[in-house]
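Visitor: Please take one part of this model and go through it closely, then follow the chain outward from there. I would like the cut-offs stated as the terms come up.

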Amino acid sequence: MPTGTSTSTRNWLGKATLLAGATLSLLACQEPSEIGLAPTTPVGVFFSDTFSVERSTVLLDSVQSNGLSGLLTGRYTDPIFGKGQAASFARLELSTAFTVVDKDKNVIPTAQIVYDSTRLVMSLQRESGFSYFYGDTLVPQQLTVHRLTEDIGTANYDIRNRIGYETQPLARFTVRPRPRTTTGDTALIARLPDAIGQDLIKLANTEEGRDATKFLAMNKKGLAVVTSTDRASLFQLSRFSYIAVYYHVQGDTTASSYGFFLSGNRFTNLTVDRAGTPLAGLRAGQALPSSATNGRTFVQPMTGVTTRLTFPSLLSIEENRRVGINRADLVITPTQPDGTFPGGGLPPYIALAEANGFQIARSSPNRLVQLVPIFPGVAINTTETSFYSPQVVTYNSRTRDYTINMTGYIQAILAGKRPNNGLYLLTPISSDIGPVSPQGALQPSRQQIYLNDRVQRMLLDGKASAKLVLFFTSSN
């Protein structure tokens with residue numbers, strides 16, 4: 001038997017006969033080089049839940065933060081993970097073609113469009129009527145909006161990136177998120193300097209005002225959204241917040257408006273001070289084994305902190321025998337939140353990404369995150385299509401755990417199709433993080449929007465917090 005593995009044959013595993021039989025039928029059709037058994041070979045069906053799962057806390061080398069679902073901002077204090085502050089930067093984007101017509105639907109000359117005023121309209125990002133928060137929402141926050149002095153390009157941005165903005169704010173707000181109610185500050189409205197609106201109104205009925213690509217090429221400076229209140233909370237503003245330009249047409253008193261969304265190129269800067277916390281000594285490119293942190297490991301992927309899981313004794317299962325994996329489950333049992341928990345609860349979803357050193361492994365050429373896929377039905381190999389259907393697991397409030405089906409992934413490791421380099425725990429905000437649209441088109445940006453979008457946290461304490469359960473068929 002493999003070193004460090006307690007394996008037993010159970011009478012009750014007769015219930016797994018159909019599963020084993022199905023496996024043998026499948027393996028009988030496979031080439032000898034694949035994992036499997038000839039149908040005439042005497043076999044046994046085994047169960048093990050003691051394969052070693054080693055945990056360590058790492059600080060990832062980079063965390064991509066561009067193109068997220070909302071504009072994360074605010075400050076928080078977490079006794080375990082430290083003090084954090086977020087600011088978001090966004091370029092303007094056309095909401096539709098900026099076309100102004102007369103009452104007969106004829107496009108009118110720009111000179112006949114009369115500028116009236118400009119407003120900034122910002123709304124909290126809400127899902128099912130409730131807004132996201134992380135921290136103490138009882139503390140009112142001072143939010144300021146500034147004009148950028150630098151452009152936001154199309155390259156990938158990291159949480160450590162930051163660009164310049166004017167010191168004098170364009171607008172100030174006091175924000176009270178009230179996350180657990182459907183009321184509260186759902187819209188923040190402020191008047192902006194007329195010079196901004198007068199510049200934007202010139203785009204009406206022009207090529208730049210009708211074509212998103214040509215508008216982007218104009219390099220209109222966007223906005224920075226920052227806060228200055230410590231010991232408060234993070235919250236998210238909608239990327240569909242907008243600058244509204246109000247106008248009317250000469251000879252017509254009817255007021256009209258056009259909105260420029262903050263959904264163009266955008267990214268979030270997030271800094272964390274971990275002094276005085278259990279993670280004070282954590283550095284990029286370094287792993288803290290669970291033995292160095294009193295048996296605990298930590299998960300907060302948006303800040304770069306996560307748990308790496310490795311399976312050092314996995315390959316020993318094949319020593320002097322042939323093995324077929326009938327079923328493999330990884331059970332993650334997190335510590336339950338207590339009164340110091342700032343995030344409102346455990347992450348609703350988790351996913352597992354392949355490790356590439358201290359980075360998350362990505363495919364080529366589209367840089368898809370190499371997430372453990374759904375099984376069965378997905379072949380796991382070196383091609384990008386292996387990662388088109390990622391597995392996202394929902395927290396089970398009854399059993400208080402997450403259970404990931406690892407069958408196909410373990411089979412791929414044993415067959416030499418995937419490396420045994422370990423996996424990183426991630427906390428997506430949606431179960432829909434596949435990079436393929438419902439119409440079947442490859443859209444890598446769909447994955448980025450929801451994969452690492454908000455600060456969430458989780459603690460794993462003790463060996464029982466990560467357990468690999470295997471059912472396998474074996475022959476000498």
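Guide: Asn-205 sits in the loop between α2 and α3 (207–210). Helices here are DSSP runs of H or I of at least four residues, strands are runs of E of at least two, and both are numbered from the N terminus. This is a predicted model, in which local features need pLDDT of at least 70 and side-chain atom pairs count only at pLDDT 80 or more, while totals for chains, interfaces and linings use all residues. Residues are numbered from 1 along each chain as its sequence is written, and side-chain values use heavy atoms, with hydrogens and water left out.

The phi of Asn-205 is near 60 degrees, a positive value in a residue other than glycine. With a relative accessibility of 13%, Asn-205 counts as buried; buried means under 20% relative accessible area, exposed over 50% and partly exposed in between, with a 1.4 Å probe and protein chains only. Asn-219 also has a positive phi without being glycine, near 55 degrees. Asn-219 is in the loop between α4 (212–217) and β13 (223–227) and is partly exposed at 38%.

Back along the chain is helix α2 (residues 194–201), whose buried residues are Ile-196, Gly-197, Leu-200 and Ile-201. Viewed down the axis of α2, these fall within an arc of 125 degrees, so they line one face of the helix. The arc is taken from the directions that run from the helix axis to the C-beta atoms. An α-helix has 3.6 residues a turn, so residues three or four places apart point the same way. The cover over the buried residues of α2 includes β6 (113–123), β10, β15 and β16.

Two of those strands supply an aromatic pair: Tyr-242 belongs to β15 (residues 242–249) and Phe-261 to β16 (residues 256–261), 19 residues apart. The whole structure has 13 aromatic pairs, where rings of Phe, Tyr and Trp (its six-membered ring) pair if their centres lie within 6.5 Å, and planes under 30 degrees apart count as stacked, over 60 as edge-to-face and the rest as tilted. Tyr-242 and Phe-261 are edge-to-face, at 6.4 Å centre to centre and 75 degrees between the planes. Both rings belong to partly exposed residues, Tyr-242 at 28% and Phe-261 at 23%.

For Tyr-258 and Phe-260, the ring centres are 4.8 Å apart and the planes at 75 degrees, so this pair is edge-to-face too. Tyr-258 is buried at 7%, and Phe-260 is buried at 0%. Ring pairs join Tyr-258 and Phe-260 with Phe-98, Phe-215 and Tyr-247 in a cluster.

Phe-98 and Phe-260 also appear in the largest nonpolar core, which has 38 residues; Leu-120, Met-122, Phe-173 and Leu-237 are listed with them as having the most contacts inside it. A nonpolar core is a set of buried Ala, Val, Leu, Ile, Met, Phe, Trp, Tyr and Cys residues joined through side-chain atoms within 4.5 Å. Leaving out neighbours within four places in sequence, the contacts of Leu-120 include Val-145, Phe-173, Leu-188, Leu-223 and Tyr-242; contact means heavy atoms within 4.5 Å. Another core, of 37 residues, lies apart from the largest one, and Phe-51, Ile-332, Ile-410 and Leu-460 are among its members.

β10 also leads to a loop of interest. Asp-158 lies in the loop between β10 (141–147) and β11 (171–175) and is buried at 12%. The C-alpha atoms of Asp-158 and Val-63 are 5.3 Å apart, although 95 residues separate them along the chain. A polar atom of the Asp-158 side chain lies 2.5 Å from the backbone nitrogen of Val-63, and one lies 2.8 Å from the backbone nitrogen of Arg-160. Beyond four places in sequence, Asp-158 touches Ser-62, Val-63, Gln-64, Ser-65, Phe-267 and Thr-268.

Asn-269, in strand β17 (residues 266–273), is buried at 4%. Its side chain makes a polar contact of 2.9 Å with the side chain of Arg-162. A polar contact is a pair of N or O atoms within 3.5 Å; within protein, one must be able to donate a hydrogen and the other to accept it, and residues adjacent in sequence count only if both atoms are side-chain atoms. Asn-269 also touches Arg-160, whose backbone nitrogen was placed beside the Asp-158 side chain at 2.8 Å.
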